[in-house]
Amino acid sequence: MVNNFQLPPMGYGPGSQPDTEDGKELEYMPMPQDMRAYSAHIPDVEAVPELAPALALLAEIAAAAMIAGQGGENASFDLSQLDRANRNLIAETMGEGEVAIRILGIPAIAAQESVFAGVWCLSGAGIDRIEVGPVPAVARDRAFMSKAPALGVLTELSPGVVNAPPLVVELMDKSANWTRGCEAHVVNLTLLPHTEEDLVWLDSALGKGSVDFLSRGYGNCRVTATGQAHVWRVQFFNSMDTLILDTFEVTGVPEVVVAAAEDLIDSADRIVEVLEAIR
């Protein structure tokens, strides 16, 4: 007769295995703990008449987000004429989202996505405004204003440069033939053999543009415009800031930092919900 109760096999479980010769215990990599996510924030204010300008502006922003989500043009809203109470209400409502942009030029501009995807807060010398759209227009316009020119294959070769020159030829060819609506062309450095000298040479050969994005979500994504039109460096880092994916993309703006149409429509609905809660 077979006994239904079976003892566990010998040699398994904690303490069953001999210690390692060096006496060290197995250590596991720390797992990611935090992830940024949207959470509704309702400003603790009453809809008093003095705040009517801010509330009206929020309604306009919601309408603009809906239009942009349906394929409409970007819309811009000047905040400089608001008094302190109304300006504070806008700031508290917008909060801080995942994507930040540094835009060089005159004037230099810092753009921060709000908690509502596709609603951007822009600041700089003489600039205090909100822009609604997939990405701020000035980021597109200035991206490839070269701070360091792209010399391409004319860049001086140094010892250790092996596989980089053919990649530059490929990227420059795709750049020259890129038109709006083209599918993004990606060169994945993580999957290609290369040396440290290759990476340094690539940076020199492709130059430096005027726009940097930082997207903070489950880890970070850094997107940098090169000095070559339509060529971006896109790097993904895990939550411990270790580079896990390194690519070049030939495109208008990499999708990872662009607010999608459905996100803009969702932002419109969320802003309306905030307005209804205040009123």
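S114 lies in the loop between β3 and β4 (119-124). This is a predicted model. S114 is buried, with a relative accessible area of 2%. The chain holds 279 residues, and buried ones make up 37% of them. Its secondary structure comes to six helices and 10 strands.

**S114 and its surroundings**

- Buried means under 20% relative accessible area, so S114, at 2%, falls in that class.
- Leaving out residues up to four places away in sequence, S114 touches M94, G95, E96, G97 and V119.
- V119 has its own set of contacts, again without neighbours within four places in sequence: I61, M94, Q112, E113, S114, I130, E131, V132 and I271.
- M94 appears in both lists: S114 touches M94, and V119 is in contact with M94.

**The nonpolar cores**

- The largest nonpolar core has 27 residues.
- The residues with the most contacts inside this core are I61, I90, V119, I130 and V132.
- Four elements each supply at least two residues of this core: α1 (52-69), α2 (84-94), β5 (127-132) and α6 (261-278).
- Helix α1 gives the most to this core, with nine residues.
- Another core lies apart from this one. That other core has 21 residues, among them W120, V138, C221 and A225.

**The chain as a whole**

- Take the contacts between residues at least 6 apart in sequence: 61% of them join residues at least 24 apart.
- The chain exposes about 16400 Å². Carbon and sulfur atoms supply 56% of that area.
- L151, V153, L154 and V169 make a nonpolar surface patch of about 410 Å².
- One patch member, V153, lies in the loop between α3 (137-142) and α4 (164-176).

**F144 and its partners**

- F144 is found in the loop between α3 and α4.
- F144 and G209 are 65 residues apart in sequence. In space, their C-alpha atoms are 4.7 Å apart.
- Not counting residues up to four places away in sequence, F144 touches A225, T226, Q228, A229, H230, V231 and W232.
- Among these partners, A225 belongs to the core of 21 residues.
- H230, another partner of F144, is found in the loop between β8 (219-225) and β9 (231-237).

**Strands β6, β9 and β10**

- Strand β6 (residues 185-188) and β10 run antiparallel, joined by four bridges.
- In this pairing, N188 has T247 of β10 as its bridge partner.
- β9 and β10 also pair in the antiparallel sense, over seven bridges.
- R233 has F248 of β10 as its bridge partner.
- β9 and β10 form a hairpin, with five residues between them.
- D241 sits in the turn of this hairpin. The loop that holds D241 runs between β9 and β10 (243-250).

**Backbone features to look for**

- Most residues other than glycine have a negative phi, and most peptide bonds are trans.
- H230 is not a glycine, yet has a positive phi of about 75°.
- H230 counts as partly exposed, at 22% relative accessibility.
- D241 is not a glycine either, and has a positive phi of about 65°.
- D241 counts as partly exposed, at 41% relative accessibility.
- A cis peptide bond joins I106 and P107, with omega of about -5°.
- P107 has its place in the loop between β2 (99-103) and β3 (109-113).

**D269 in helix α6**

- D269 lies in helix α6, an element that supplies at least two residues of the largest core.
- D269 itself counts as partly exposed, at 39% relative accessibility. A core residue must be buried, so D269 is not part of a nonpolar core.
- D269 and A63 are 206 residues apart in sequence, but 9.2 Å apart in space, C-alpha to C-alpha.

Definitions and conventions: Residues are numbered from 1 along each chain as its sequence is written. This is a predicted model: local features need pLDDT of at least 70, side-chain atom pairs count only at pLDDT 80 or more; totals for chains, interfaces and linings use all residues. Side-chain values use heavy atoms; hydrogens and water are left out. A nonpolar core is a set of buried Ala, Val, Leu, Ile, Met, Phe, Trp, Tyr and Cys residues joined through side-chain atoms within 4.5 Å. Buried means under 20% relative accessible area, exposed over 50%, partly exposed in between (1.4 Å probe, protein chains only). Contact means heavy atoms within 4.5 Å. Patches are made of residues with over 30% relative accessible area and no salt bridge: like charges are joined within 9 Å, nonpolar side chains (Val, Leu, Ile, Met, Phe, Trp, Tyr) within 5 Å. Accessible areas come from the Shrake-Rupley method with a 1.4 Å probe; for residues, only the protein chains shown count as cover. A salt bridge is a side-chain nitrogen of Lys or Arg within 4 Å of a carboxyl oxygen of Asp or Glu. Two strands pair if DSSP finds at least two bridges between them.
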